[in-house]
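Subject: Structure for you to look at

Hello,

I am passing on the structure we spoke about. Please open it alongside this message; what I found in it follows below.

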Amino acid sequence: MSEGVQRNTRAIEETVVTDFVDRMSYGGYLDLDTLLSAQNPLSSPEHHDELLFIIQHQTTELWLKLVLHELSAARVYLREDNLAPALKCVARVKHIQRTLTEQWSVLATLTPAEYSQFRGILGNSSGFQSAQYRAVEFTLGNKNAAMLRVFEGDTVAHDLVRSALEAPSLYDEFLRLLARTGYPVPNELLERDVTQAWVFSPELVPVFTAIYEDPQTHWAAYETCEELVDLEDNFHLWRFRHLKTVERIIGFKTGTGGSSGVPFLRRALELTFFPELFAVRTELG
């Protein structure tokens with residue numbers, strides 16, 4: 001090579017392992033053969049953008065799996081009065097939520113004309129049928145036993161959603177922790193039927209008012225309240241971004257799963273997980 005000409009390469013260091021005949025490799029650990037073979041477009045001829053559609057939803061499901069993992073651990077920590085690691089789990093969920101919300105911008109590059117060329121092959125499949133999403137909603141308190149009907153044909157999915165329905169929500173566990181540490185949480189809330197959706201309880205607002213009016217004295221409870229508010233804010237942003245992406249791609253068409261589409265998604269924006277944590281703001285000052 002002529003003097004002064006540089007190679008735009010990086011030499012492999014001698015200590016770098018390159019023989020994986022009998023060693024664990026990156027692809028082996030992550031089972032990439034399975035993961036990367038799970039994208040199976042059904043359009044024929046295969047439409048270029050169907051792979052985007054599949055990967056968008058598969059990655060969402062992977063993140064939802066981690067969200068459930070973290071929320072489940074957070075509930076256990078709260079049950080054990082171990083607040084610090086519970087908040088660490090919640091903090092991780094918040095970062096995942098931001099990633100999920102940003103992810104809609106990738107799907108939004110799919111134009112109406114492009115999507116219409118393969119939408120028909122989806123049949124009645126719909127994100128409405130995501131068992132993990134429903135389990136996340138239930139874990140945060142938006143429970144609806146009627147949703148179990150959607151999963152009757154899938155034992156694993158049905159068991160996942162039913163378990164989330166029958167377990168105390170993250171909010172239930174937080175309120176029980178507050179009661180154990182001396183806060184006057186109404187007893188009927190501690191003994192409520194946890195299979196029912198959480199509804200606003202005005203009797204709980206004074207408990208949070210006392211916490212918010214003196215955060216230094218009640219810092220642990222105050223911090224947890226604000227972390228839960230962050231969770232709900234992030235969830236609403238995700239729902240809104242979902243709605244706007246759907247509106248951008250299919251307008252006001254009905255959903256593949258039979259819903260009204262955008263109007264159905266808009267009604268979800270009215271749902272709330274922790275209503276008292278927002279109502280308390282009206283009482284302050």
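The crossing of H10 and H11 is left-handed. Please keep in mind that this is a predicted model.

First, the two helices. H10 covers residues 205-213 and H11 covers residues 219-250. Their axes come within 9 Å and cross at roughly 110 degrees. Angles of 65 to 115 degrees count as roughly perpendicular, so H10 is roughly perpendicular to H11.

To find the contact in the model, start from Phe208, Ile211 and Tyr212 on the H10 side. On the H11 side, they meet Ala221, Tyr222, Cys225, Glu226 and Val229. Sorted by class, the residues of this contact are 7 nonpolar and 1 charged, with no polar ones.

Second, a pocket. The second largest pocket in the model has a volume of about 470 Å³. Its lining is made up of 15 residues, and the closest to the pocket centre are Leu35, Gln58, Thr59, Glu61 and Leu62. Two elements give two or more residues each to this lining: helix H2, residues 32-35, and helix H3, residues 50-79. The largest share comes from H3, with 7 residues.

By class, the lining of the second largest pocket holds 8 nonpolar residues, 5 polar and 2 charged.

If you want a place to begin, centre the view on Phe208 in H10 and Tyr222 in H11, which are among the residues of the helix contact. For the pocket, Leu35 and Gln58 are among the residues closest to its centre.

Regards

Key: Residues are numbered from 1 along each chain as its sequence is written. This is a predicted model: local features need pLDDT of at least 70, side-chain atom pairs count only at pLDDT 80 or more; totals for chains, interfaces and linings use all residues. Side-chain values use heavy atoms; hydrogens and water are left out. On a 1 Å grid over the protein atoms alone, a cavity is a set of points where a 1.4 Å probe fits but cannot get out, and a pocket is an open set with protein on both sides within 12 Å along at least five of seven lines; lining residues have an atom within 4 Å of a point. Grid points are joined across faces, edges and corners, and a volume is the space filled by probe spheres set on the points. Helices (H or I, at least four residues) and strands (E, at least two) are DSSP runs, numbered from the N terminus. Ala, Val, Leu, Ile, Met, Phe, Trp, Tyr, Cys and Pro count as nonpolar, Asp, Glu, Lys and Arg as charged, and the others, Gly among them, as polar. Axes are lines fitted to C-alpha atoms, for helices over the stretch in contact, and angles run from 0 to 180 degrees between N-to-C directions. Angles under 35 degrees count as roughly parallel, over 145 as roughly antiparallel, 65 to 115 as roughly perpendicular and the rest as oblique. A crossing is left-handed if the near helix is turned anticlockwise from the far one by less than a right angle, and right-handed if clockwise. Contact means heavy atoms within 4.5 Å.
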